[in-house]
Amino acid sequence: MLTKPGRRRYCLAMSDPTDSTGLRPSAGKALEAAARGLKGIALILLVGMVASLAAGIVARYGLNASLIGSGVAAQWLFAALIAIALPLGRLAGATASISLYRPAHPLLRAAGEAIAVWTLIELAAGAGIVVSAIGGTDPSLGLPVWLRFALLPAAAILAILLGPLDDAAAGRPLKPRLAGIAVGIALWAAVPSLLAAPLAAAGPLATLAGAFVLGLAAGTPVAIAMLFAVFIAHHAGATMPPQAAAQTMINGASKHLLLAAPLFITAGALMNAGRLTERLIALATALVGSLRGGLGHVTVVTSTLFAGISGSSYAEAAIGAKLLAPQMTRQGYPAADAGAITAAAAILPNIIPPSVALLILAGVANLSVGALWVAGILPGLLLAGLVMAVIAMMAGRRGYPRGPARPPARALGRTAIDAAPVLALAVLIVGGIRFGIVTPTEAGVIAVCYALALGLAIYRAASLRETIATLIAAAGESAQVGLLIGAAAPFGFILAAEQAPQQLGEVAFALTREPLALLLLANLLLLGFGMVLDIGAAILILTPILMPVAIAAGIDPVHFGIVIVVNLMIGGLTPPVGMLVFITAGLTGTPVADLFRAALPYVAALIAGLVLIALLPWIALGPGWIFGP
């Protein structure tokens, strides 16, 4: 599941070794200090990234000069943020940590810990080799290149140490964790001598897939499971030793294009903290609130508007669950229905630009971000319309109430003017990138600065304390996204080196060479993976395999990219993972099983929309013809 950023307080001043909540004061104090320090470092790194890139933009557009090293400095800072994600992810409740589930059985917990510890030791050893062996000085910064990787070994070791501390602070039994650490260390010493021969017999590709599934089954986070698979595959003959994996991980995640991902995550968080989302809710209420099932429609329209400034479905699910779902239940909506509407609407920010999912896909598939973002406009609006159609149907059957009467034209105009500065950001981002005025990373910096200016300085809706807390949470989420992208880089390299796309293509083409039939097969595969993987991980794993097959079959890569993202986003509403459902259920207190059942009509409507998008390429490609190549 996805553990969202949250506050965790430990008892610090009690004479009894364990307080009534089961927290142990001494371990709690140490963990609180560690979490505070790690979050502070993450905050400094994120702010440094934004400041460095902003300085480059000011120099470029304001002074007509080039600030040498601003982009490289941001890449180095993002590399450090990715390293910080390792210990941050080990602190329960400290930041976002993407995994399938948290195993409760002691044996599974020990197995997951053994895999994590073995992986972290391999990573620390490989990164240590890089630090000691790499030479040269970066010409733009004048710093030794090894500094870019210097934080990774220490962060990996710290991550191992924080696991038992986290258990001690929470009052959980230490034996499974300690047993896992012991087994992990033993495996690290034994794998090369004991398992090299059988792994080599299995082959790198089979070993990679099997190890990845094993890691997920043991409950390790997806990024750790991917790195575990990479390191095991090396012992099976893959050309990716630990030092190469560590280097590829940092270099792959800190590409200049991918710096835009944490920036848009941060911009969306700041928009919400600055109460700017409430202006969008007010506009949506004025537009559709008077319909039967008005609050449900307001939720969808708000998600559509928020999509133009955020790109984060998880953020939208959290906003809807906190602000709109409680209002729906107060008006008589069943709690499960309110949660299902919120979760279904939350898929839109990862389809309508500036979508973080499409941004990641562009980096993996080497496609134009602008082309993908424009291609997501009509599919996103189509899906929004289908979800609203289901709400209208359910409103008639279950008697959902209407909202307030539509305001007069003058009041509606004032509401639209209040929301216009927020909506202007969407036009600035998409238009600026599509017409080549700014790069995606520059647009991300502008979005962050714009959101800060509106929320902190102009509207003064967010205090400095709230802004800092928001930036800390955004830094944690950005670090985890960066770690996921970084772990996928060596994983994808092995897939490519072992010719996984070619093998899949041979199998697919043996069945059929008809593009529509291949598109159907790809959709079935994506729906299956979307049910068990986070969308970011699924994009990073499946795109390098499926995209070459689609292109060879004559399918437009931009169209196929939209199909991939829409398909995988539907997985956010389906068991067993269903990230959007879990987030909504956790924040609203609704049983997960009830919410999954309530979401079924929306899943059916979204699958119908997916079929239309797959069969009618112009839905995705039409806006590209309008805006030009």
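Here is a walk through a few features of this structure, which is a predicted model.

Let's start with a pair of helices. Two packed helices are described by the angle between their axes and the distance between the axes. For helix 17 (residues 377-398) and helix 27 (residues 600-615), the axes come within 9 Å and cross at roughly 145°. The crossing of these two is right-handed. On the helix 17 side, the contact is built from Pro379, Leu382, Leu383, Leu386, Val387, Val390, Ile391 and Met394. Helix 27 answers with Pro601, Tyr602, Ala605, Leu606, Gly609, Leu610, Leu612 and Ile613. Sort the residues of this contact by character and you get 15 nonpolar, 1 polar and no charged. The polar one is Gly609, because Gly is counted among the polar residues here.

Now turn to the surface, where these helices show up again. Leu378, Leu381, Leu516, Ile607, Val611, Leu612, Leu615, Leu616 and Trp618 make a nonpolar patch of about 760 Å². Helix 17 and helix 27 are the elements that give two or more residues to this patch, and helix 27 gives the most, with 4 residues. Leu516 comes from elsewhere in the chain: look for it in helix 22 (residues 515-530). Leu612 is worth a second look, since this residue of helix 27 belongs to the contact with helix 17 and is also part of the nonpolar patch.

What about charges? Side chains of opposite charge can pair when their charged atoms come close. The structure holds 5 salt bridges. One of them links the side chains of Arg36 and Glu32, at 4.0 Å from N to O. Both residues sit in helix 1 (residues 25-62), 4 residues apart, or about one turn of the helix.

Finally, a couple of backbone details in the loops. Pro353 and Pro354 are joined by a cis peptide bond, with omega at about 5°. You'll find Pro354 in the loop between helix 14 (335-345) and helix 15 (356-365). Further along, Asn366 has a positive phi of about 60° even though it is not a glycine. Asn366 lies in the loop that runs between helix 15 and helix 16 (369-375).

Terms used. Residues are numbered from 1 along each chain as its sequence is written. This is a predicted model: local features need pLDDT of at least 70, side-chain atom pairs count only at pLDDT 80 or more; totals for chains, interfaces and linings use all residues. Side-chain values use heavy atoms; hydrogens and water are left out. Axes are lines fitted to C-alpha atoms, for helices over the stretch in contact, and angles run from 0 to 180 degrees between N-to-C directions. A crossing is left-handed if the near helix is turned anticlockwise from the far one by less than a right angle, and right-handed if clockwise. Contact means heavy atoms within 4.5 Å. Patches are made of residues with over 30% relative accessible area and no salt bridge: like charges are joined within 9 Å, nonpolar side chains (Val, Leu, Ile, Met, Phe, Trp, Tyr) within 5 Å. Accessible areas come from the Shrake-Rupley method with a 1.4 Å probe; for residues, only the protein chains shown count as cover.
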